[in-house]
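This report describes the fold of a single protein chain for a reader who meets it here for the first time. The account begins inside the sheet and then widens to the chain as a whole.

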Amino acid sequence: MIGIFKKNEDRYLNWHSANPNGYVFNHFKGKDAAYNKLHVATCRTLWREKDVGARTRVEKICSDNLQELLKITEEMRQTKGYSFCKICMPGYIVKHERSYKDSWC
């Protein structure tokens, strides 16, 4: 199930508590795929101390199902692309704005 959180920290924290094994897409929008990044829900970059109270300034699209989130992400980003966090999802790459799991990782 998809959850979208923008300027609603409490709802996002509740989702995270219920879905610690889920996935989060940080949707900055714009054309830069490097800023629009997919993470596992527990990624340390999502939980920095300096972001407390401001995590949902950037729209978060979340799901407990990676394939479901990838489908939504690809529909939203189309030709603008997106990327995977190199810290929490290092085995994933993006080719031609479509995602693929590295076969050699």
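In this predicted model, strands β2 and β4 run antiparallel and are joined by five bridges. Within this pairing, Asn26 stands opposite Lys60 in β4. Strand β2 covers residues 23–27, and four bridges connect it to strand β3, residues 37–40, again in the antiparallel sense. There, Phe25 faces Leu38 of β3.

Strand β4 also pairs with strand β1, which comprises residues 3–5; the two are antiparallel and share three bridges. Gly3 lies opposite Cys62 in β4, and Ile4 lies opposite Ile61 in β4. Strand β3, for its part, runs parallel to strand β5 (residues 83–84), with two bridges between them. One of the residues involved is Lys37, whose bridge partner in β5 is Ser83.

The strand pairings are set out below.

| Strand pair | Sense | Bridges |
|---|---|---|
| β1 and β4 | antiparallel | three bridges |
| β2 and β4 | antiparallel | five bridges |
| β2 and β3 | antiparallel | four bridges |
| β3 and β5 | parallel | two bridges |

Together these strands form an open sheet of five strands in the order β1-β4-β2-β3-β5, with mixed pairing. Strands β1 and β5 occupy the edges and have a single partner strand each, so one side of each lacks a neighbour in the sheet. Helix α2, formed by residues 66–77, packs on the sheet and touches β2, β3, β4 and β5. The direction of α2 makes about 15 degrees with that of β2.

How is β4 placed with respect to the rest of the structure? Strand β4 spans residues 59–63, and five of its five residues are buried, so the strand is largely enclosed by the rest of the structure. Glu59, Ile61 and Ser63 point one way from β4, while Lys60 and Cys62 point the other way; all are buried.

Beyond the sheet, the chain as a whole contains two helices and seven strands. Along the sequence, these elements follow the pattern β-α-β-β-β-α-β-β-β. The chain has 105 residues, of which 42% count as buried. Its exposed area is about 6,600 Å², and carbon and sulfur atoms supply 51% of that area. Among contacts in the chain with a separation of 6 or more, 61% are between residues 24 or more positions apart.

How values were computed. Residues are numbered from 1 along each chain as its sequence is written. This is a predicted model: local features need pLDDT of at least 70, side-chain atom pairs count only at pLDDT 80 or more; totals for chains, interfaces and linings use all residues. Side-chain values use heavy atoms; hydrogens and water are left out. Two strands pair if DSSP finds at least two bridges between them. Buried means under 20% relative accessible area, exposed over 50%, partly exposed in between (1.4 Å probe, protein chains only). Contact means heavy atoms within 4.5 Å. Accessible areas come from the Shrake-Rupley method with a 1.4 Å probe; for residues, only the protein chains shown count as cover. Axes are lines fitted to C-alpha atoms, for helices over the stretch in contact, and angles run from 0 to 180 degrees between N-to-C directions.
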